[in-house]
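Colleague: Could you walk me through this one slowly? I am new to reading structures.

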Amino acid sequence: MTEATQDFSDEQLAKARAGEAAALALLIRAHQRSVYSLALRMLGARDLAEDLTQDVFMQLNGNLKSIASNTHLVFWLRKVTTHRAIDQLRQRARMETTPLDDETPHLSTVDGGDPLLQRHLWRLLVNLSPPARAVLLLRYQEDLDPSDIARTLDMPVNTVKSHLKRSLETLRQEMPSPEPSRCEGNST
Amino acid sequence: MRSCSLGILFALLAASPAWAAPNPRLVLPEFSTLAQKATESVTITLDAALLAMAGRFLDGNDPQDAATKEILKGLQGIYVRSYTFDRDSAYHQADIDAVRNQLSAPGWSRLVETRSRKSQANVDIYLMVSNNQATGLALIASEPRQLTIVNIVGAIDLDKLHKLEGQFGVPKFDIDSPKAPPPNTKK
Amino acid sequence: MSEELESRLRAAFRPVAPSDEFTQNLIARVAADQRSPSNARGVRERSPKASAWWLSASMAASLLVAAGIQQHVQERRERERGLEARREVIEALRVTSQKLNLAYEVIKSQSSSPADDAPGV
């Protein structure tokens, strides 16, 4: 479970379902980082990410009664966010490459984040297909394993593993790494 | 009596599906053991319904999509199993015997058999022909670290497959018609 | 797989928060959506008859919305399956052509230097 879900209990979910405004606000605060970050890194623009985040929570608001638990809530948010983002990207056909400036605000800069890695990551992200991008984000932002990613994206597990493997190979090729680049069967 | 027996035999042949025209669809095993050992697995199972669905999403204006659409016409299924390993000889020829045995059944003809000592890659290509038309293709590619089995079912247009050259890197096949391989074939 | 690379990726992909202003606006919008008549949660008191009518109307509206959402979800799933099928077709043909090419290369090299490769055609 992510940090956010630990701050939001099943009891509070029940209150949110019952319409308590305070519980609903707490729900939004607990989960907006994950939804917003997924949206931002999928769509590449703050305004689009904010629109999508709002749409997702509005849709959630209309479907809260069908959310059975916090686990279900998290799954629902990830699924709806990624699917809607993929839909948007496909409709746009081609996402314009975000100019690579010194700030890549879509990636975390905490702990003195590696700016070189961030630039390569962002270049990798914009060149991935929408589903491949979603796979990478669900893996390394949401820390899901391939079978959970497959469930979230309605995608075969082997396809998830292929996406991960190819994305990481591309990244490794672009990034000089001190360690020998060898995949230890992690895609299995 | 003899004509009566023959009549019964023909009736049985007509009635029983087992005696019907050879089936170009191979029964592919689960290969669970191989999948566990593989670092990457590709499993594609596309029946007629899925192929039709895919066809609706192919863009006729895109050269690759248009070529693909042409190939799909008349196909009833595409089945791929491909396993990549991180070491040589991770699989055994016995693992694919269940597939090879099916290809020795009537109806299948081996079109191409290649053996490379240099790359240690073996590729066997089989065709099933009915009424002078290819109705099935099977390919087994055994490489040191990769095993690939492809089964395509349907009215394969070899000419169109040949014209995929440049789109997918398909080589030019000098095949006029799907008949028996010329002499000098190593059986 | 380099564990260091993976941990660097996780660090880089750590979730980022939207602006406080956005969060406040979002909470307000969702709350307003909740308070609107179509999303009324029965906070106001109503007469039993009005409640029954309201319940029926809400159920009917919910069913319509659910049906609409269902259809939308089904259409989207259909589209996703179609696009996935397209991708798989292309991948299948790519793999096939790759292996055909492999055979071709062997045949080609055999015709130029037969000692290296076994005759196969």
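Modeller: We can go through chain A, its helices and two of its loops, bearing in mind that this is a predicted model.

Colleague: How many helices and strands are there in chain A?

Modeller: Chain A has 9 helices and 0 strands, and, read from the N terminus on, its elements run α-α-α-α-α-α-α-α-α.

Colleague: And what share of chain A counts as buried?

Modeller: Of its 188 residues, 40% count as buried. Among the contacts in chain A with a separation of 6 or more, 59% are between residues 24 or more positions apart.

Colleague: Let's take a pair of helices. At what angle do helix 3 and helix 5 of chain A cross?

Modeller: Helix 3 of chain A, residues 21–43, and helix 5 of chain A, residues 70–92, cross at roughly 20°, and their axes come within 10 Å. Angles under 35 degrees count as roughly parallel, which means that helix 3 of chain A is roughly parallel to helix 5 of chain A. The crossing of these two helices is right-handed.

Colleague: Which residues make that contact?

Modeller: From helix 3 of chain A they are A:H31, A:S34, A:V35, A:L38, A:A39, A:M42 and A:L43, while helix 5 of chain A brings A:L77, A:T81, A:T82, A:A85, A:Q88 and A:L89. Sorted by class, the residues of this contact are 8 nonpolar, 5 polar and no charged.

Colleague: Does helix 3 come up anywhere else? I mean, what is the angle between helix 3 of chain A and helix 2 of chain C?

Modeller: Helix 3 of chain A packs at an angle of about 140° with helix 2 of chain C, residues 20–35, and the axes are 10 Å apart. That angle makes helix 3 of chain A oblique to helix 2 of chain C, and the crossing is right-handed.

Colleague: Which residues make the contact there?

Modeller: On helix 3 of chain A the contact is made by A:A21, A:L24, A:A25, A:I28, A:R29 and A:Q32, and on helix 2 of chain C by C:T23, C:L26, C:I27, C:V30, C:A31 and C:Q34. By class, this contact has 8 nonpolar, 3 polar and 1 charged residues.

Colleague: New topic, then. Which residues of helix 8 of chain A are buried?

Modeller: In helix 8 of chain A, residues 146–153, the buried residues are A:P146, A:I149, A:T152 and A:L153. Seen down the helix axis, the buried residues of helix 8 of chain A fall within an arc of 120°, so they line one face of the helix.

Colleague: Why would residues three or four places apart point the same way?

Modeller: An α-helix has 3.6 residues a turn, so residues at that spacing point the same way.

Colleague: What covers the buried residues of helix 8 of chain A?

Modeller: The cover includes helix 5, helix 7 (130–140) and helix 9 (157–174) of chain A.

Colleague: And what follows helix 8 of chain A?

Modeller: A:D154 follows, and its phi is positive, near 55°, although A:D154 is not a glycine. A:D154 is found in the loop between helix 8 and helix 9 of chain A, and it counts as partly exposed because it has 14 C-beta neighbours inside 10 Å.

Colleague: Where does A:D143 lie?

Modeller: A:D143 lies in the loop between helix 7 and helix 8 of chain A. A:D143 is not a glycine either, yet it has a positive phi of about 60°.

Colleague: Is A:D143 buried or exposed?

Modeller: A:D143 counts as exposed, because it has 12 C-beta neighbours inside 10 Å.

Conventions
Residues numbered from 1 in each chain as written. Chains lettered and ligands numbered in written order. Predicted model: local features only at pLDDT ≥ 70, side-chain atom pairs only at ≥ 80, totals over all residues. Helix = DSSP H or I, 4+ residues; strand = E, 2+ residues; numbered from the N terminus. Buried ≥ 20, exposed ≤ 12 C-beta atoms within 10 Å, placed from the backbone. Contact = placed C-beta atoms within 7 Å. Axes fitted to C-alpha atoms, helices over the stretch in contact; angles between N-to-C directions. Parallel < 35°, antiparallel > 145°, perpendicular 65-115°, else oblique. Left-handed = near helix turned anticlockwise from the far one by under 90°. Nonpolar A, V, L, I, M, F, W, Y, C, P; charged D, E, K, R; others polar. Arc of directions from axis to C-beta.
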